[in-house]
Every structure is written in structure tokens, then in C-alpha cells.
Amino acid sequence: MMTVESRHDLEREVTWITVAGELTVERKHRLRTTIGKALVACPRAVIVDLSGFDDPTGTAAPLFHAAQGRALRDHGVCLLWVLPRRGVLRARLANPFWHRVLRLYDTIAEAEAAVELGPPPPSRFTELLEPDGFAPSRARLVVHDACMAWNLPHLATVARRIVFELVHNAATHAATPLVLVVSRRGGFLHLSVRDGDPRPPTVLPNTRRAGLRGDGLRIVERNATAWGCLRGATGKTVWAALWLPPASRG
């Protein structure tokens with residue numbers, strides 16, 4: 001039986017995925033989906049721990065290769081793999097080809113050290129916000145400045161709309177200091193708001209009455225290419241991404 005577990009360090013912007021057991025054809029989709037969801041959240045790095053995993057099917061390595069290409073090209077995410085301790089997959093990954101196309105490490109500590117020594121996070125705007133009535137407007141100004149600096153005026157309106165709702169929701173319901181990060185990651189403009197409340201946001205069923213709790217998240221859902229929530233030991237990060245046309249990518 002294969003198990004897949006994820007955890008997030010919101011301050012370091014690193015996601016760990018631990019895969020254990022043996023891959024089967026039925027479980028292959030779950031593994032691909034878990035890695036894909038981690039990448040679309042655009043952390044600084046994703047470390048996949050394969051130390052307790054094996055692949056009798058022979059299909060995992062090509063799956064990893066495809067994910068490695070998407071990670072940097074589409075999301076600007078550093079994707080690293082911790083080798084299995086033994087088994088068929090470890091023997092297959094010993095081939096020099098896989099060491100050229102995958103970032104492979106013997107231990108989690110080595111992978112974590114590589115993240116710290118690697119390139120800095122992509123260009124970003126960061127703002128510390130108090131959970132008050134001015135926070136959403138300040139966030140809109142930060143996003144506007146970022147879009148102008150990166151020559152993305154066509155995204156400014158929708159990005160300002162999304163970040164206003166993210167910050168308003170966090171300031172109202174988490175009521176803790178907030179950290180806003182606006183960054184370009186691969187093919188996306190990425191907006192994230194970190195707060196100190198680990199409870200995930202809730203999107204309520206649609207209603208004809210605007211302005212109710214959860215209504216702002218429906219605005220995010222309608223306007224963002226993708227959005228989601230990462231929960232950590234000290235709170236959560238709610239993020240949204242907007243797709244960048246190829247001509248707009250730096």
C-alpha cells in the first residue's frame with residue numbers, strides 16, 4: 001500500500017512530500033496529483049522524500065522527470081528528490097541519466113541544505129500588514145506597484161481585486177499580523193497572504209446576497225487561475241495565482 005503525506009513550513013516556503021510503500025497503477029494518479037498541487041502553490045521548494053518508497057511498475061522515474069520540467073518552467077519551483085534506501089527504484093535511479101535530469105539526494109538533510117544554498121527566491125514584493133481596515137487598501141497598492149514594475153499593467157486590476165479579498169478575509173477572520181508576498185514564479189503572478197490562524201478559509205455556498213462571510217473568497221475563486229491554502233504549525237498561507245501569457249514572462 002502506498003501512502004502520501006504533505007507538510008509545509010510557511011516561513012521557509014518549503015513543502016515536504018513523504019511517499020511510502022509501493023507504487024501501483026491505481027496509485028500513480030494520486031502521486032502525480034499530490035506533486036502537482038504542491039507545485040501550483042508555488043513554494044520556494046518542494047522536497048519529495050522517497051526513502052521508504054519503491055516502484056515495481058517502472059513508471060515513477062518518467063513521472064518524476066515530467067514533474068521536474070513543469071516545476072521550473074511553469075511554476076519557478078525548485079523540486080528535489082530524496083532517493084529510496086533500497087529496491088528497484090533506487091537501482092533504476094542509479095543510471096547517470098536520471099542524475100542529470102533529476103535533483104537527487106541521499107538524505108533529507110542534503111536536500112534541505114541544497115535549498116538553502118540554492119538561488120534566492122524569485123523577485124518579489126513583501127509587505128507586513130496589521131489586521132486593520134487599512135490593510136486591504138495597502139495590499140492593493142503593493143500589487144499595483146509590482147505589476148507596474150514588472151510591466152504587467154493588464155493584470156493589475158484583477159490582481160488588486162484578488163489581493164483585496166485575500167487580505168480582507170485574513171484581517172477579519174484571523175485578526176493576526178499578516179505577511180503579503182507578491183512574486184513572479186515561472187508562468188504565474190503569485191499572491192500570498194500569511195496569517196497566524198491555522199484554520200482554513202471557508203467558501204460558503206453561493207447566495208444572491210453579497211457581502212456575507214465567504215463572499216470574498218468566491219471573488220478570488222472566479223478571478224484567479226488557481227488558489228488554495230497551505231497550513232503550517234504557526235498559521236496558514238492563502239495564495240492565488242494568475243497565469244502570465246508567454247510574452248509577459250521575464
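This passage describes the overall form of one chain, its internal cavity and several individual residues. The model is predicted, and the values given below are computed from it.

The chain is built from eight helices and ten strands. A compact globule of 250 residues would be expected to have a radius of gyration near 18 Å, and the chain, at 19 Å, agrees with this expectation. The C-alpha trace extends over about 55 × 35 × 30 Å along its principal axes. Of the 250 residues in the chain, 48% are buried. The accessible surface amounts to about 12,200 Å², and carbon and sulfur atoms contribute 55% of that area. Contacts between parts of the chain that are distant in sequence were also examined. Among contacts with a separation of 6 or more, 67% join residues that lie 24 or more positions apart.

The interior was then searched for enclosed space. One cavity of 30 Å³ or more is present in the structure, and the largest cavity has a volume of about 40 Å³. Its lining consists of Leu 166, Asn 169, Ala 170, Val 193, Asp 195, Leu 217, Lys 236 and Val 238. By residue class, five members of this lining are nonpolar, one is polar and two are charged. Three elements, namely α7 (153–173), β8 (188–195) and β10 (235–243), each provide at least two of the lining residues. Helix α7 makes the largest contribution, with three residues.

Strand β10, which takes part in the cavity lining, also contains Thr 237. This residue has a relative accessibility of 11%, which is under the 20% limit, and Thr 237 is therefore classed as buried. Leaving aside residues up to four places away in sequence, Thr 237 is in contact with Leu 10, Ser 192, Val 193, Arg 194, Gly 228, Cys 229 and Leu 230. One of these partners, Val 193, is also a member of the cavity lining. The separation between Thr 237 and Val 101 is 136 residues in sequence and 31 Å in space, taken from C-alpha to C-alpha.

The loop that joins α7 to β7 (178–185) includes Ala 175, and Thr 176 belongs to the loop between α7 and β7 as well. These two residues differ in their accessibility. Ala 175 is exposed because its relative accessibility of 52% is over 50%, whereas Thr 176 is buried, having a relative accessible area of 16%. Apart from residues up to four places away in sequence, Thr 176 touches Pro 131, Asp 195, Gly 196 and Asp 197. Asp 195, one of these contacts, also appears in the lining of the largest cavity.

Backbone geometry provides a further point of interest. Most residues other than glycine have a negative phi. Ala 175 has a positive phi of about 55°, although it is not a glycine. A positive phi, near 55°, is likewise found at Cys 42, another residue that is not glycine. Cys 42 is located in the loop between α1 (25–40) and β3 (45–54). The surroundings of the two residues can be compared through their accessibility. Cys 42 is buried, with a relative accessible area of 2%, while Ala 175 is exposed at 52%. Positive phi values are thus reported here for a buried residue and for an exposed one.

A final example is taken from a helix. Ala 67 lies in α2, which covers residues 60–75. With a relative accessible area of 1%, Ala 67 falls under the 20% limit and is therefore buried. Its contacts, not counting residues up to four places away in sequence, are with Ile 35, Leu 39, Leu 79 and Trp 81. Ala 67 and Leu 178 stand 111 residues apart in sequence, and their C-alpha atoms are 32 Å apart in space.

Definitions and conventions. Residues are numbered from 1 along each chain as its sequence is written. This is a predicted model: local features need pLDDT of at least 70, side-chain atom pairs count only at pLDDT 80 or more; totals for chains, interfaces and linings use all residues. Side-chain values use heavy atoms; hydrogens and water are left out. On a 1 Å grid over the protein atoms alone, a cavity is a set of points where a 1.4 Å probe fits but cannot get out, and a pocket is an open set with protein on both sides within 12 Å along at least five of seven lines; lining residues have an atom within 4 Å of a point. Grid points are joined across faces, edges and corners, and a volume is the space filled by probe spheres set on the points. Helices (H or I, at least four residues) and strands (E, at least two) are DSSP runs, numbered from the N terminus. Ala, Val, Leu, Ile, Met, Phe, Trp, Tyr, Cys and Pro count as nonpolar, Asp, Glu, Lys and Arg as charged, and the others, Gly among them, as polar. The radius of gyration is taken over C-alpha atoms; the globule rule is 2.2 Å times the number of residues to the power 0.38. Buried means under 20% relative accessible area, exposed over 50%, partly exposed in between (1.4 Å probe, protein chains only). Contact means heavy atoms within 4.5 Å. Accessible areas come from the Shrake-Rupley method with a 1.4 Å probe; for residues, only the protein chains shown count as cover.
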